[in-house]
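Me: I am new to this structure. Please take me through its inner spaces and the packing around them, in one connected answer.

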Amino acid sequence: MHPLLIIFLIVLILSWLLERILDSLNSSRWGSSPPELVRELYNDADYLKAKSYDQTGKKFSLISDSFSLLVMLTLLLTGAFGELDMLVHSWYPDELTATLVFFGIIAICADLLQLPFDIYKTFVIEQKFGFNKKTPGLFISDRIKGYILGGLIGGSLIALFSLTYQLAGPSFWIYAWVTVAVLLLLTSMFYTTVLLPIFNKLSPLADGELKQSIVAYCTKTGFAIKNLMVMDGSKRSSKANAFFSGIGAQKKIVLFDTLIANHSIPELVAVLAHETGHYKLKHTLTGLFLSLIQTGLMFFIFSIFIQYPQFAEALGSNKPTLELGLLAFGILYGPVSMALSLATNFISRKHEYEADAYATKTYNGAALQEALKKLSVSNLSNPDPHPAYVFFYYSHPPLLHRLRAIEKVIQTA
Ligand SMILES: [Zn+2]
C-alpha cells in the first residue's frame with residue numbers, strides 16, 4: 001500500500017472517531033429531567049423533547065457519517081479515483097474539460113448517495129419534531145436550484161483554478177486568491193439582494209408598531225438602516241432566526257417571519273439591537289477579513305501540494321493532475337481546517353458576547369434574555385452542552401452562558 005494512502009485512511013478514520021467521541025460526551029449531559037439551572041426555561045416535556053431531538057440527530061449522523069466513511073475508504077482502497085481520472089483523460093485530452101468532467105461525475109455520485117439521507121432528515125426527523133414545513137415540491141425545487149447554482153459557481157471556480165494553474169505555474173495561487181477574494185466580497189455585499197431571493201421571498205417590514213420601535217432605536221443609536229427585511233422562513237421550517245448581512249450601502253437586517261410571529265416587540269428590537277451590535281463593533285468586517293486570510297493560506301498550501309506526483313499515485317493514477325491534487329488536498333486539509341474552525345468559532349463566540357453586551361447597554365438586556373430563552377426552547381437547543389463539544393462546534397455560546405453574561409452587564413450598567 002502507498003504510504004500516503006495509509007495517511008489518507010488514518011486522517012479520515014481519526015476525524016470520524018473524534019466526532020463520535022464528542023457526540024457521546026455531549027449525549028452524556030442529558031438527564032431524565034432538566035438540570036436546576038434551566039428548570040425555569042424548560043418544563044419536563046420540553047426538556048425530554050429537546051433530549052430526544054438531540055439523540056435522534058446523533059443517531060442519524062452516526063449512520064450517515066459511517067456510510068460516507070465506508071464509501072470513501074472503499075474508493076481509496078480500490079484506487080477508483082485514479083482509475084476514473086485516467087478514464088476521463090482518455091475521453092477528453094483537454095485539461096480543463098477533463099477536470100470539469102471529473103468533478104462533475106464525483107459531485108453527481110456524491111449527491112445521489114446523500115439524497116436518501118437528506119430526504120429522511122427533512123421528512124422524517126424534522127417532520128416528527130414539528131420543524132419541517134417543506135413540501136416535497138419545494139424540496140425538489142430547492143434541490144434543482146442548488147444544482148444549477150452549485151454547477152455554475154463550483155464549475156467556474158474549478159475552471160478558474162485550472163486556467164490560472166496552466167498559465168501561471170506555481171504562483172497561480174496568488175491569482176486564484178485575489179479572484180476568490182473579490183468573489184467573497186461581492187457575495188457578502190449582494191447575498192441578500194441576489195442569492196437569497198433565489199430561495200426565499202424578502203419583503204420590507206410593514207409599517208406599524210414594530211417598525212416604529214425599530215426606527216426609534218436606530219435613530220437613538222445613530223444606525224442608518226434603510227433595508228429592514230422580513231424573510232418567509234416559515235415555508236421551510238418553524239425554526240426562527242435573524243441575521244445581518246452586507247457591507248456599506250448594501251447592508252440589511254433580515255428577520256424571519258417565524259421570529260416576528262413568536263416574539264414581543266421589545267424582544268424583537270433587542271434581537272435587532274444585537275444584530276446592530278455586530279455591525280457597529282465591526283464583526284462583519286473582521287469575519288470577512290479572517291475568511292480572506294484563511295482562503296489565502298489554503299491556496300498557498302495547495303500550491304505546494306500540487307507539485308508532488310506522489311499524491312496522484314496514492315489515489316491510483318500514474319499521472320499527476322490538478323483534480324487528483326485537489327482531492328488529496330481535500331482529505332489532508334481536513335485536520336487543518338478543523339484547527340482553523342476552532343479559532344474562528346472562538347472569535348465568533350466572543351463576538352456574540354460583545355453583541356449581547358451592546359444590545360444590553362443600548363436597549364434592554366432583560367428583553368434580550370427573554371428572546372434568547374424563547375428561541376432556545378422553541379428550537380429545541382441543548383441547554384447544557386458539554387464544554388468540549390462547545391469548544392469544537394459552537395459558533396454561539398450556550399444559552400446559560402449568554403444569560404449570565406447579560407446579567408453581569410445589566411448589573412454593572
Ligand atoms: Zn449574533
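Reply: Keep in mind that this is a predicted model. Start with the enclosed space. The structure holds one cavity of 30 Å³ or more. The largest cavity has a volume of about 50 Å³. Its lining includes Phe 305, Ile 306, Tyr 308 and Phe 311. Ala 312, Pro 320, Thr 321, Leu 324 and Gly 325 also line this cavity. Two helices, α11 (310-314) and α12 (322-378), each supply at least two of the lining residues. By class, the lining has seven nonpolar residues and two polar ones. No charged residue takes part in it.

Now turn to an open space. The second largest pocket has a volume of about 1,400 Å³. Its lining counts 47 residues. Of these, Met 72, Phe 81, Ile 106, Ala 110 and Leu 327 lie nearest the pocket's centre. Several elements give two or more residues to this lining: α1 (3-27), α2 (44-77), α3 (80-91), α4 (95-128), α5 (136-168) and α12. The largest share comes from α4, with 13 residues. The lining of this pocket divides into 32 nonpolar, 12 polar and three charged residues.

Next, the packing. The largest nonpolar core has 53 residues. Within this core, Ile 214, Ile 253 and Leu 259 touch the most other members. Helix α12 gives the most to the core, with eight residues. The core draws at least three residues from domain 1 (3-187 + 280-412) and at least three from domain 2 (202-273).

Look closer at Ile 253. Set aside its neighbours within four places in sequence. Ile 253 is then in contact with Phe 223, Ile 225, Asn 227, Leu 228 and Met 229. The list goes on with Phe 243, Phe 244, Leu 272, Glu 275 and Thr 276.

Another core lies apart from the largest one. This other core has 37 residues, among them Phe 81, Phe 102, Val 180 and Phe 302. Phe 81 has appeared already, as one of the residues nearest the centre of the second largest pocket.

Finish with a residue on the outside. Phe 289 lies in helix α10 (residues 283-305). Its relative accessible area is 53%, so Phe 289 counts as exposed. Phe 289 and Tyr 279 are 10 residues apart in sequence. In space, they are 14 Å apart, C-alpha to C-alpha.

Definitions and conventions
Residues are numbered from 1 along each chain as its sequence is written. This is a predicted model: local features need pLDDT of at least 70, side-chain atom pairs count only at pLDDT 80 or more; totals for chains, interfaces and linings use all residues. Side-chain values use heavy atoms; hydrogens and water are left out. On a 1 Å grid over the protein atoms alone, a cavity is a set of points where a 1.4 Å probe fits but cannot get out, and a pocket is an open set with protein on both sides within 12 Å along at least five of seven lines; lining residues have an atom within 4 Å of a point. Grid points are joined across faces, edges and corners, and a volume is the space filled by probe spheres set on the points. Helices (H or I, at least four residues) and strands (E, at least two) are DSSP runs, numbered from the N terminus. Ala, Val, Leu, Ile, Met, Phe, Trp, Tyr, Cys and Pro count as nonpolar, Asp, Glu, Lys and Arg as charged, and the others, Gly among them, as polar. A nonpolar core is a set of buried Ala, Val, Leu, Ile, Met, Phe, Trp, Tyr and Cys residues joined through side-chain atoms within 4.5 Å. Buried means under 20% relative accessible area, exposed over 50%, partly exposed in between (1.4 Å probe, protein chains only). Domain bounds come from an automatic or database domain assignment. Contact means heavy atoms within 4.5 Å.
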